[in-house]
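Let's take a walk through this model, one region at a time. Keep the structure open beside you as you read.

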Amino acid sequence: MIRQIHELEKNQKIHLVISVILIIASALIQSYIMQVFMDPCNLLSGGFTGISILISRITALVGFDFPVSVGIILLNLPAAILCYKQLSKRFTFLSCLQFGLVSLFLEILHFEPFFDDQTLNVLFGGLLWGFSIAMALRAGGSTGGTDFIAQYVSNKIHKGIWDYIFACNCIMLIIFGAIFGWVYAGYSIVFQFLSTKAVSSLYQRYKQITLEIMTKDPEPIIETFMETCHHGMSIFEGYGGYSHSKIFVCKAVVSTYEVQDVIYHIRKTDPNVIINTYHTANFYGRFYQKPLD
């Protein structure tokens, strides 16, 4: 099933349609979370959406109505312009569509709270919020704001910075706690922690996997590997203890999202290969990172 999805995504028009559907779903889920889980419990999300909520609540204290939907648009536009110049038009379009739809859905849709329990709201809301962000990233866009910044920096250093985003959100939550109460800030930090961990687990573009491919004939494997991705491969000669014959170990490091494609094509080339994979903690040196579409 996963293989079929990958094949469909290679068609640019179908890929764009799938991406737009994921973006719409992401925006709808976020709007639902804000009304069902966050508002009843006075929770604050992170990023520019969180800043918009914070501004809205602070202005409400002085009798001024500042819609969260307006804040989301105003804060995200400068970041969108930055991404348009530095990343890609497709990424920027999908990101703008996402936060634009969130603003629209907040104005036209109204959902009733689901749980009365604060803890359940934090747990379900935090995990679903992270899922909605990962969905937008998987589509090739983002939810705007700090996601723009995270993608921009991650593209430069080839490493996810979601934990640093969480630290910045904590600073905002301290301000929130000082004004509206530390209990709400505490719950919001847990909410943010869960959503950040969900994103780190579900979106693995900047995580890397080491492949060890054992074969008796390395040349077809090398050719297939080079046609499939833009990484280097090292070949080591060895001896099979079971077969008592000469074997070759082909070793390479690829991005997590490339693994299924590489394995599929290599096994298609040589069904008798043995492939071992394991996570790479850090990679030092030149590593090709496919740019965003």
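A salt bridge here means a side-chain nitrogen of Lys or Arg within 4 Å of a carboxyl oxygen of Asp or Glu. Keep in mind that this is a predicted model. In general, side chains of opposite charge can pair when their charged atoms come close.

With that rule in hand, how many salt bridges does the count come to? The count comes to 2. Start with Lys251 and Glu212, whose side chains meet at 3.5 Å, N to O. Lys251 sits in strand β3 and Glu212 in strand β1 (residues 208–215), so this pair ties together parts that are 39 residues apart in sequence. Is Lys251 buried or exposed, or something in between? Its relative accessibility is 31%, so Lys251 counts as partly exposed.

The other pair is Arg57 with Asp39, with a distance of 3.8 Å from N to O. Arg57 belongs to helix α3, while Asp39 is in the loop between α2 and α3, and 18 residues separate the two. The partners sit in unlike surroundings: Arg57 is buried, because its relative accessible area is 15% and the limit for buried is under 20%. Asp39, at 46% relative accessibility, counts as partly exposed.

Stay in that loop for a moment and look at Asn42, which is also found between α2 (12–38) and α3. What is unusual to look for in its backbone is phi: the value is near 60 degrees, positive in a residue other than glycine. Asn42 is buried, with a relative accessible area of 17%.

There is a counterpart in another loop. His244, between β2 and β3 (246–255), has a phi near 55 degrees, again a positive value in a residue other than glycine. Is His244 buried or exposed? His244 is exposed, because its relative accessible area is 56% and exposed means over 50%.

Now go a little further along β3, to Phe248. Phe248 is buried, at a relative accessible area of 17%. Which residue can you pair it with across a stretch of chain? Try Asp217: the two are 31 residues apart along the chain, and their C-alpha atoms are separated by 7.2 Å.

Next, step back to the loop between α10 (218–228) and β2 (234–239), where you'll find His231. Gly232 lies in that loop too. His231 has 6% relative accessibility, so it counts as buried, whereas Gly232 is exposed, with a relative accessible area of 52%. Each can be paired with a residue further along the chain. His231 and Ala252 are 21 residues apart in sequence and 7.3 Å apart in space, C-alpha to C-alpha. For Gly232 and Val254, 22 residues apart along the chain, the C-alpha separation is 9.1 Å.

Let's turn to the helices. Two packed helices are described by the angle between their axes and the distance between the axes. Take helix α6 (residues 118–138) and helix α9 (residues 182–202): they pack at an angle of about 35 degrees, with their axes 7 Å apart. What residue classes make up the contact of α6 with α9? By class, you'll find 16 nonpolar and 6 polar residues, and no charged ones. As for handedness, α6 passes α9 in a right-handed crossing.

While you're on α6, find Arg138. Arg138 is partly exposed, with a relative accessible area of 43%. Arg138 and Leu22 are 116 residues apart in sequence, yet their C-alpha atoms are 8.2 Å apart in space.

Last stop: the surface. Which residues make the nonpolar surface patch? They are Ile58, Leu61, Val62, Phe64, Ile171, Ile175 and Ile179, and the patch is about 690 Å². The elements giving two or more residues to the patch are α3 (47–61) and α8 (162–180). Of these, α8 gives the most, with 3 residues. Leu61 is the one to click on in helix α3. Leu61 is exposed, since its relative accessible area is 57% and the cut-off for exposed is over 50%.

Note on methods. Residues numbered from 1 in each chain as written. Predicted model: local features only at pLDDT ≥ 70, side-chain atom pairs only at ≥ 80, totals over all residues. Heavy atoms only, no water. Patch = residues over 30% accessible without salt bridge, like charges linked within 9 Å, V, L, I, M, F, W, Y side chains within 5 Å. Areas by Shrake-Rupley, 256 points an atom, 1.4 Å probe, with all protein chains shown as cover. Helix = DSSP H or I, 4+ residues; strand = E, 2+ residues; numbered from the N terminus. Buried < 20%, exposed > 50% of the residue type's maximum accessible area, 1.4 Å probe, protein only. Axes fitted to C-alpha atoms, helices over the stretch in contact; angles between N-to-C directions. Left-handed = near helix turned anticlockwise from the far one by under 90°. Nonpolar A, V, L, I, M, F, W, Y, C, P; charged D, E, K, R; others polar.
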